[in-house]
Amino acid sequence: MYKIKIRKVGNSLGATIPKEVLEKLRVSEGDTVFVTETPDGVKLSAYDPEFEKAMAIYKQGSHKYRNAMKELA
């Protein structure tokens, strides 16, 4: 468990994330992280839950229109 302090940054608030956590998330400066609400609290992740939804929709369409996709390729 890590203790992170919230600080004022200009007119906003920010948190400094320890290097060990950044390495576990495999993120660095400029990357986007996502905060997801869970029954136990919140989850910080480099994984975009909307991307999985988009890929599921793509998979449905790519299977249905596989011949058209081959022609477009």
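Of the 73 residues of the chain, 7% count as buried in this predicted model. The accessible surface of the chain amounts to about 7100 Å², and carbon and sulfur atoms account for 56% of that surface. Along the principal axes, the C-alpha atoms occupy a box of roughly 55 × 30 × 25 Å.

The chain contains three helices and four strands. Read from the N terminus, these elements follow the order β-β-α-β-β-α-α. The radius of gyration of the chain is 19 Å, whereas the globule rule gives 11 Å for 73 residues; the chain is therefore more spread out than a compact globule. Among the contacts in the chain with a separation of 6 or more, 2% are made by residues 24 or more positions apart. The charges of the chain comprise 13 positive and 10 negative ones, and the mean positions of these two groups are 2 Å apart.

The hairpin of β1 and β2 may be described next. Strand β1 covers residues 6-9, and strand β2 covers residues 12-15. The two strands run antiparallel and are joined by four bridges. Within this pairing, Ile-6 stands opposite Ala-15 of β2, while Arg-7 faces Gly-14 of β2. Two residues lie between the strands of this hairpin, and Gly-10 adopts a positive phi near 65° there.

Leu-13 belongs to strand β2. With a relative accessibility of 67%, Leu-13 counts as exposed, because the cut-off for that class is over 50%. When residues up to four places away in sequence are not counted, Leu-13 touches Ile-6, Arg-7 and Lys-8. Ile-6 and Arg-7 are, as noted, residues with partners in β2. By contrast, Leu-13 and Thr-38 are 25 residues apart along the chain, and their C-alpha atoms are separated by 22 Å.

Helix α1 spans residues 19-25. Glu-20 lies in this helix and is partly exposed, with a relative accessible area of 42%. Glu-20 and Ser-62 are 42 residues apart in sequence, and the distance between them, C-alpha to C-alpha, is 39 Å.

The loop between α1 and β3 contains Arg-26. Arg-26 has a positive phi of about 60°, although this residue is not a glycine. Positive phi values thus appear in the model at Gly-10, in the hairpin of β1 and β2, and at Arg-26, in a loop. The relative accessible area of Arg-26 is 77%, so this residue is classed as exposed.

The second hairpin is formed by strands β3 and β4. Strand β3 comprises residues 34-38, and strand β4 comprises residues 41-45. These strands pair in the antiparallel sense over five bridges, and two residues connect β3 to β4 in the hairpin. Thr-38 has Gly-41 of β4 as its bridge partner.

Ser-45 is situated in strand β4. The relative accessible area of Ser-45 is 10%; because this value falls under 20%, the residue counts as buried. Leaving aside its neighbours within four places in sequence, Ser-45 is in contact with Leu-25, Val-33 and Phe-34. Of these partners, Leu-25 is placed in helix α1, and Phe-34 is placed in strand β3. The contacts of Ser-45 therefore include residues of a helix and of the paired strand, as the limits of α1 and β3 under the element assignment show.

Methods
Residues are numbered from 1 along each chain as its sequence is written. This is a predicted model: local features need pLDDT of at least 70, side-chain atom pairs count only at pLDDT 80 or more; totals for chains, interfaces and linings use all residues. Side-chain values use heavy atoms; hydrogens and water are left out. Two strands pair if DSSP finds at least two bridges between them. The radius of gyration is taken over C-alpha atoms; the globule rule is 2.2 Å times the number of residues to the power 0.38. Buried means under 20% relative accessible area, exposed over 50%, partly exposed in between (1.4 Å probe, protein chains only). Contact means heavy atoms within 4.5 Å. Accessible areas come from the Shrake-Rupley method with a 1.4 Å probe; for residues, only the protein chains shown count as cover. Lys and Arg count as positive and Asp and Glu as negative; His and the chain ends are not counted. The place of a charge is taken as NZ of Lys, CZ of Arg, CG of Asp or CD of Glu.
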